[in-house]
Amino acid sequence: MIQVSKLLPQGQGLAPVLLKRATTVELDWDVRQKSRFAATDSAGRELGIFLPRGTLVRGGDVLVAEDGSMVRVVAAPQPVLVITHCQNHGTPFDLTRAAYHLGNRHVPIELQPDHLKIEPDHVLADMLRAMHLIVKEQNLAFEPEGGAYAPGHGGGHHHAGHGHGHDHDHAHDHDHDHGHSHASPAHDHADGHAHGDAPAAATPPARGRTVSIPVVANTGHVHGPHCNHDH
């Protein structure tokens with residue numbers, strides 16, 4: 001048995017000549033909605049398909065085998081109910097109503113501009129006929145709609161960076177422009193503190209804002225070795 005674990009949706013990226021050389025495998029919807037199954041291709045090779053869980057195989061997809069060979073999927077004809085609106089007593093909107101009621105029952109539906117397809121169900125067929133729709137049994141390929149959150153839809157995470165910076169403006173007149181305070185045993189620089197013997201009258205700054213605190217110099221004070229200022 002040849003193992004297959006890769007699928008190319010609709011043979012994307014493959015040259016037409018390669019698609020013509022590929023073998024084929026006919027699968028109905030019951031098999032194609034599975035991610036793990038066995039099948040036999042047109043060359044008689046036994047295939048073991050192991051695809052990611054949740055993968056739906058569609059007609060026209062290409063399976064890539066472990067030996068590099070390719071197998072084109074054909075949606076096999078199967079019994080279906082084809083639903084159309086009555087041109088004499090109804091309108092195309094009747095199909096919209098039918099799709100709504102079938103969707104409420106979680107019925108797989110193939111949507112086409114002028115008709116719907118579902119798998120055979122006599123109870124649903126009677127309901128649709130009671131809605132004045134035309135229901136016929138036929139043998140056709142079945143490609144129902146996938147879920148809105150089928151594989152291939154995804155989300156991204158955006159990570160925002162955070163920058164932190166501290167600006168320090170030191171001048172000879174002992175002005176300090178800080179968003180936080182520095183403390184030392186000999187000298188305490190804090191918001192609301194001014195150098196000199198005469199305190200400065202200043203309005204307390206708003207919390208979290210960087211402010212510049214003016215220094216009022218006392219002309220009667222001269223810095224000397226015994227001032228106990230550690231600069």
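Two strands pair if DSSP finds at least two bridges between them. Helices (H or I, at least four residues) and strands (E, at least two) are themselves DSSP runs, numbered from the N terminus. With those terms in hand, let us walk through the chain.

The model is a predicted one: local features need pLDDT of at least 70, side-chain atom pairs count only at pLDDT 80 or more, and totals for chains, interfaces and linings use all residues. Residues are numbered from 1 along each chain as its sequence is written, and side-chain values use heavy atoms, with hydrogens and water left out.

## The chain as a whole

The secondary structure comes to four helices and 15 strands. Of the 231 residues in the chain, 29% are buried. Here buried means under 20% relative accessible area, exposed means over 50%, and partly exposed lies in between (1.4 Å probe, protein chains only). The chain exposes about 15,700 Å², and carbon and sulfur atoms supply 53% of that area. Such areas come from the Shrake-Rupley method with a 1.4 Å probe.

Contact means heavy atoms within 4.5 Å. Among the contacts with a separation of 6 or more, 59% are between residues 24 or more positions apart.

## Strands side by side

A good place to start is the hairpin formed by β5 and β6, which has four residues between the two strands. Gly-68 in its turn has a positive phi of about 90°. Each of these strands also has another partner: β5 pairs with β1, and β6 pairs with β2. The table collects these pairings with two others.

| Strands | Sense | Bridges | Residues opposite each other |
|---|---|---|---|
| β5 (residues 62-65) and β6 | antiparallel | three bridges | Leu-63 and Val-71 |
| β2 (residues 23-27) and β6 (residues 70-75) | parallel | five bridges | Leu-27 and Ala-75 |
| β1 and β5 | antiparallel | four bridges | Lys-6 and Val-64 |
| β1 (residues 2-8) and β4 (residues 46-50) | parallel | three bridges | Ile-2 and Leu-47 |
| β7 and β9 | antiparallel | three bridges | Val-82 and Lys-117 |

The β7 and β9 pair belongs to an open sheet of four strands, with the order β8-β9-β7-β10 and antiparallel pairing. Its edge strands are β8 (110-111) and β10, each of which pairs on one side only.

Gly-60 lies in the loop between β4 and β5. Is Gly-60 buried or partly exposed? Gly-60 counts as partly exposed because its relative accessibility is 24%. Leaving aside neighbours within four places in sequence, Gly-60 is in contact with Gln-10, Gly-11 and Val-73. The C-alpha atoms of Gly-60 and Ala-75 are separated by 7.8 Å, while the two residues are 15 residues apart along the chain.

## Two nonpolar cores

A nonpolar core is a set of buried Ala, Val, Leu, Ile, Met, Phe, Trp, Tyr and Cys residues joined through side-chain atoms within 4.5 Å. In the largest one, which has 16 residues, the members that touch the most others are Ile-83, Leu-102, Leu-116, Ile-118, Leu-128 and Leu-133. At least two residues of this core come from each of β7 (78-85), α3 (93-104), β9 (116-118), α4 (122-130) and β10 (133-140). Helix α4 gives the largest share, four residues. A second, separate core of 15 residues includes Val-4, Leu-7, Leu-51 and Ala-65.

Let us look at α4 itself. Its buried residues are Leu-124, Ala-125, Met-127 and Leu-128. They lie on the same side of α4 because they cover an arc of only 160° around the axis, where the arc is that of the directions from the helix axis to the C-beta atoms. These buried residues pack against β7, α3, β9 and β10. The face turned away from the buried side carries the exposed residues His-122, Val-123 and Ala-130. Beyond its neighbours within four places in sequence, Leu-128 is in contact with Ile-83, Ala-98, Leu-102, Ile-118, Leu-133 and Val-135.

## One aromatic pair

How many aromatic pairs does a search of the whole structure find? The search finds one. Trp-29 and Phe-142 form this pair, which is edge-to-face, with 6.5 Å centre to centre and 85° between the planes. Rings of Phe, Tyr and Trp (its six-membered ring) pair if their centres lie within 6.5 Å; planes under 30 degrees apart count as stacked, over 60 as edge-to-face and the rest as tilted. The pair links distant parts of the chain, 113 residues apart: Trp-29 is in helix α2 (residues 29-32), and Phe-142 is in the loop between β10 and β11 (169-170). Both Trp-29 and Phe-142 are buried.
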